[in-house]
Amino acid sequence: TYERVARRVPVVADEEAPAAPAKRRPPAGPSLDVRPAEAEDREAIITLLQRSLGSDGDPRYPELFAWKHDTNRFGPSPMWVATDGGRVVAFRALMRWEFVRGGKVLHAVRAVDTATHPDYQGKGLFTAMTMHGLDVIKDDGIDFVFNTPNDKSRPGYLKMGWQEVGKLPVAIRVAGPGGAVRMARSRVASSHWPSDVALGEPVLDVVADLAVADGSTMDRSAIATNASTRFYEWRYGADFLGYRAVAGDGGHLVCRVRQRGDAKELVMLDSPGLDISESDRLVKRLLRPNGLDHALRTGAPDARNGFLPAPGGPIVAWRSVCAKAMPPL
């Protein structure tokens with residue numbers, strides 16, 4: 001679908017909001033070739049992204065990239081590169097996703113990986129490549145694009161027509177005074193990779209049970225990921241990501257342990273067959289025996305089970321591609 005002829009995309013200043021071609025100011029910089037990414041570009045793309053993320057040389061990163069963009073249950077990601085004289089200087093990917101609302105499948109993409117070489121930053125490549133990507137996927141029947149941009153990137157997305165859907169609440173439970181102290185001292189970004197604490201069992205051992213227990217897709221008042229056995233196999237089955245399934249009363253908690261500074265953090269990701277209270281009580285029994293300092297999840301706090309509001313929380317942003325209305329948070 002994306003084997004299009006390379007286009008010459010004019011580069012405009014980052015602070016300019018996208019406008020109709022007749023109203024655009026003259027390009028502030030040179031025109032670069034923007035085209036679909038090819039297999040031969042992969043090494044250059046990985047290098048550019050690792051440099052942007054500050055993770056140069058991690059041997060797991062190419063595997064993570066392939067998991068996200070090549071083997072995605074919902075299909076390979078549309079990806080584009082900008083080149084200058086054949087050299088890859090910028091990259092943009094839109095990761096495919098599917099939701100279900102009231103039994104209807106909604107096709108979406110998530111605006112994820114993007115990077116620009118330092119020598120080409122400030123020339124409007126982020127805007128130009130993103131808008132080019134949205135123009136292309138419109139022909140593919142994509143309903144909308146979404147992501148959770150940080151404070152630095154959110155203004156750029158809003159200028160391109162994104163809207164804020166809302167902030168997802170985050171709740172946290174601390175495992176005693178020692179865990180509280182280590183958590184307070186660990187106000188840093190979490191590790192990209194899981195810790196070696198192995199809870200429960202591998203997700204692939206219970207993947208059929210997860211899909212059977214997932215009953216959220218028929219609710220017309222909410223939007224949910226289009227989950228299935230294939231989805232759970234892909235989303236949580238890769239060994240290098242460290243996801244585990246812990247059995248509870250009537251379902252499983254899917255989680256992983258990662259390091260955040262000196263603290264060990266349990267991240268609650270999914271709980272098919274369990275409501276929030278059940279999964280919260282399950283976590284309460286997991287923290288101290290496994291040397292974990294705190295647990296983190298999205299959703300409303302529940303003081304009865306020790307979960308209190310956490311500062312911050314991701315802001316979900318959305319932009320229509322073919323959809324007529326914004327879905328609920």
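Which helix does Arg 235 lie in? In this predicted model, Arg 235 sits in α7. The residue is buried, yet it goes without a salt bridge. Asp 270 has the nearest side chain of opposite charge, and that is 7.3 Å away; a salt bridge would need the charged atoms within 4 Å. What Arg 235 does have is a polar contact, side chain to side chain, with Tyr 243 at 2.9 Å. Leaving out residues up to four places away in sequence, Arg 235 touches Trp 67, Trp 97, Leu 241, Tyr 243 and Leu 269.

One of those neighbours, Trp 67, leads over to helix α2, which spans residues 61-69. Trp 67 is buried there, along with Tyr 61, Leu 64, Phe 65, Lys 68 and His 69. Between them, the buried residues of α2 pack against two helices, α1 (42-53) and α7 (229-237), and against the strands β3 (79-84), β4 (87-101) and β5 (104-116).

Another neighbour of Arg 235, Trp 97, turns up in the largest nonpolar core. That core counts 39 residues, and Phe 91 and Trp 97 have the most contacts inside it. Two or more residues each come from α1, α2, β3, β4, β5, β6 (144-147), α6 (207-213) and α7, with β4 giving the largest share at six. As for Phe 91, its contacts beyond four places in sequence take in Ile 45, Leu 48, Leu 49, Phe 65, Met 79, Trp 80, Val 81, Asp 113, Thr 114, Ala 115 and Met 129. Apart from the 39-residue core there is another one, of 22 residues, including Trp 80, Leu 94, Met 129 and Tyr 157.

How values were computed:
Residues are numbered from 1 along each chain as its sequence is written. This is a predicted model: local features need pLDDT of at least 70, side-chain atom pairs count only at pLDDT 80 or more; totals for chains, interfaces and linings use all residues. Side-chain values use heavy atoms; hydrogens and water are left out. Buried means under 20% relative accessible area, exposed over 50%, partly exposed in between (1.4 Å probe, protein chains only). Helices (H or I, at least four residues) and strands (E, at least two) are DSSP runs, numbered from the N terminus. Contact means heavy atoms within 4.5 Å. A nonpolar core is a set of buried Ala, Val, Leu, Ile, Met, Phe, Trp, Tyr and Cys residues joined through side-chain atoms within 4.5 Å. Lys and Arg count as positive and Asp and Glu as negative; His and the chain ends are not counted. A polar contact is a pair of N or O atoms within 3.5 Å; within protein, one must be able to donate a hydrogen and the other to accept it, and residues adjacent in sequence count only if both atoms are side-chain atoms.
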